[in-house]
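Here's a walk through one model, from a single side chain out to helices, rings and a few odd backbone spots. Have the viewer open and follow along.

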Amino acid sequence: MAKKSVALMDNRKRRTNWVTVYKNMSKEGLKLSFHEHVEYTLAKDQYTSTPQDDFIAAAIAIRDRLVERWIMTQQRYHDQNVKRVYYFSLEFLIGRLLGNNMINLGLEEELKRAFDDLGLDMEKVREQELDAGLGNGGLGRLAACFLDSMATLGIPAHGYGIRYDYGIFNQKIINGYQVEFPDEWLRMGSPWEFARPEYTVKIKFNGRTTMYEDQHGKLRVQWVDTDDILALPYDYPVPGYKNDIVNTLRLWAARSTEDFDLSYFNDGDYEKAVYNKLFSENISKVLYPNDTVSQGRELRLKQEYFFTAASIADIVRRFRMENTDIRKFPEKAAIQLNDTHPSIAIVELLRILIDDFEVDWDAAWDIIVGTFAYTNHTIMPEALESWSVPLFERLLPRHLQLIYEINRRFLEEVSAKFPGDNDRLRRMSIIEEGNPKRVRMGFLSVIGSHSVNGVSELHSSLVKTQLFRDFYELWPEKFNNKTNGITQRRWLRKANTPLSGLITESIGDGWVMDLYQLEKLLKFKNDASFREKWQKVKDQNRIFLSNYIRETLGVTVNPDSLFDVHIKRIHEYKRQLLFAFYVISQYLKAKKNPNAFPIPKVFISAGKAAPGYAMAKLIIKFINSVGDVINRDKSVKDKLKLIFLENYRVSLAEKIFPASDLSEQISTAGTEASGTGCMKFMVNGALTIGTYDGANIEIAKEVGEDNIFLFGLKAGEIQKLRAKGYDPQAYIRRSPVLREIFSLISSNFFSPVEFGLFEPIANNLKYVDYFCVCADFEAYCAKQEEVYNIYRNRGEWTQKSIINVAKSGKFSSDRTIKEYARDIWDVPFEKR
């Protein structure tokens, strides 16, 4: 009995200690949490636990400390009935979260010490975490940076998106080709998410509308005979940096309203019994279905309505918990649309206001416009989403009715201001005439929002003068610029600990909250001792990436080389072909002059091509084939290497940016809205070679044109060139190097086994070249020569590198979010 009493007392004491660790941020507290979760959460011991268990236990230990702050944050928002920002995005490329969360909680050093005591390597534990497959490229990564900044600035905010079962895809390069494999990022579960089934929302599709008179004799509409799907929310905590604020990312998963049809089950048709369940849940299965086929387009529209309708219902529910007058909705909710994907939310909220709350049209429309704001991310009209009217009518019949009414009233307003201008009415109509007619979602976004912003100065100018010119002439006050930014906490503090350590040692850590403080580094730009430390950091990072390349690809690269890097989603406008052609030119130069490269060059490319984008996938094969030729040629092996790193993702980007010397930002002028990769390179000390496009122009303003390498035709010059009839062959005739490259392609030099494989690339560039690769080639090569000559002077190059980092303050997402909060959302933020 005595032994049992002692054991009970020990258990109580242990339980008391366990409870206190939720507030204990010390090494001992973390160790205790870790042990408790291995044993009680995972039911493992020292004999059965795996490296994955080590990660999960560590993640939940960190999560415990997030949860307390999360609950307190949400309670305060509720008690104070604050205005909240809701960020709608089809992508959130959040990457791995363990490192980011421990940094924002200020636990990095304590957790490392705890791991040392436990005999664990913190970096190996962090490598166990899979990248969250919730996005593809810059759009999703921007959304993730914005969530970090909103939490850090104390802005009450919620992100809304989809909890995809499968991410974009895992990319493997097999025989030089991209091969797509399922991205099962949830196969081991996620220690960060919390299912919230109590907030499940029923989502309607299909059906029909009926009209009736209410008790007051007013005509009302019902949406009936629908096919319903359940939206189940999963919450992820989003901590601010060392401020005890934890916001929420809510992601929706599709679930069937019925697990199976019992009648089919009883008849023995088990496949049919679960068909509806499986078909319904396809909505949240995969990020970006292939929309080159009709089923893919329908699924894409379903995804967009599914998550926006669930999110609107959730926001209205939260509003009604604290407020009674729906007309005050804009005073408590600001909804930001991240591109056109969530724009159907405008119509969904309108439907709820009119059909459910019985608000009259004018008052309902005032609420809509007061609530929504729209961020545009492209100036290419063909990239703006539009949906066929027949598809829309079948899936969302009530919404199409409302869109027609929005359009009728809108065109009346246009006609009143521009009487007799029928062509303007045709251009501005939400409904595009044709066979079939189409619903233009970009136009709907502009009409239904009080703010329309671009994401760089050039892009915003083109939005006003080209893309939405008619709308700007109608409502100039709606349009503004918000240049994109990145969170320095992820892309410098976490991704580049050697450089962030040197910076903090030199100027303090205030830059983590205020990136403009990096300007203090300017006083060291001529300090030989500091420049030597800076160079050693870059050397260390190149060695790290070189080791990764050797371990993953079996290719040895010289870490003392110039690392010239082009990493982006594969698309013709981003001009991976211009980069590849330049690499070929350097190969030809090395073959003719073995002494041409006293400092070797390593060219690095990475990125995924959309599965249905044939030309982009052929470009990947081309880059890999060129790399095979160069990397196997013993005569240049010590001078040049071309590496394609497969499966580009956030965690891989965190390895590449710190090691890069030269940042390739060479999109055709006037096509890249902003680009945030350029900012990540910049803050990690790489210099930019780029066109007069996107954020490159603003980087040049910050660092001065002596510290960036700009080249090529400008956006206006590109337009004039196309208008007069661009002939790429005229440029080919004037360039001996281009002629030799095309000759190599046509002779199958890069495809000796697959004759004619790259003819589609050559023919496109010779006879179309819409993105002006040939027109910019010689200017690009000349600027690259300038780059190399300066790089050979390590002191001068390092000075420019320091200047680039020091002047990167403008490109923090904290600055961007402050501008959104002040100019668009009308919410306060912390001034720390």
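Let's start at Asp776, which is buried because its relative accessible area is 1%; buried here means under 20% relative accessible area, exposed over 50% and partly exposed in between, with a 1.4 Å probe and protein chains only. A word on ground rules: this is a predicted model, where local features need pLDDT of at least 70 and side-chain atom pairs count only at pLDDT 80 or more, while totals for chains, interfaces and linings use all residues. Residues are numbered from 1 along each chain as its sequence is written, and side-chain values use heavy atoms, leaving out hydrogens and water.

Back to Asp776, which belongs to helix 33 (residues 773–791). Helices (H or I, at least four residues) and strands (E, at least two) are DSSP runs numbered from the N terminus. Leaving aside residues up to four places away in sequence, Asp776 touches Arg575, Thr691, Phe711, Gly712 and Leu713, where contact means heavy atoms within 4.5 Å. Its C-alpha atom is also 8.3 Å from that of Leu578, although 198 residues separate the two along the chain.

Just ahead of helix 33, in the loop that follows helix 32 (759–767), you'll find Cys772. Its phi is near 60 degrees, a positive value in a residue other than glycine. Most residues other than glycine have a negative phi, and most peptide bonds are trans. Cys772 has 0% relative accessibility, so it counts as buried. Asn81 also has a positive phi, about 50 degrees, without being a glycine; look for Asn81 in the loop between helix 3 (51–80) and strand 1. The peptide-bond oddity is Asn435 to Pro436, which is cis with omega near 5 degrees. Pro436 sits in the loop between strand 14 (431–432) and strand 15 (438–440).

Now for the rings. Phe, Tyr and Trp rings (the six-membered one for Trp) pair if their centres lie within 6.5 Å, and planes under 30 degrees apart count as stacked, over 60 as edge-to-face and the rest as tilted. That rule gives 37 aromatic pairs. Take Tyr791 and Trp797: their ring centres are 4.9 Å apart and the planes make 80 degrees, so this pair is edge-to-face. Tyr791 is buried at 1% relative accessibility, and Trp797 is buried at 4%. Elsewhere, ring pairs join Tyr374, Phe410, Phe443, Phe468, Phe471 and Trp475 into a cluster.

Charges turn up over rings too, meaning NZ of Lys or CZ of Arg within 6 Å of the ring centre and within 35 degrees of the ring normal. Arg722 has its charged end over the ring of Tyr770, 3.8 Å from the centre, and Lys714 lies over the face of Tyr692 at 4.7 Å.

How do helix 23 and helix 34 pack? Helix 23 (residues 528–553) meets helix 34 (residues 794–806) at about 85 degrees, with the axes 10 Å apart; axes are lines fitted to C-alpha atoms, for helices over the stretch in contact, and angles run from 0 to 180 degrees between N-to-C directions. The two helices are therefore roughly perpendicular, since that label covers 65 to 115 degrees, with under 35 being roughly parallel, over 145 roughly antiparallel and the rest oblique. Helix 23 contributes residues including Trp534 and Arg542, and helix 34 residues including Ile802 and Val805.

Finally, Ser561 lies in the loop between helix 23 and strand 18 (562–567). Among the residues that Ser561 touches are Arg542 and Tyr791.
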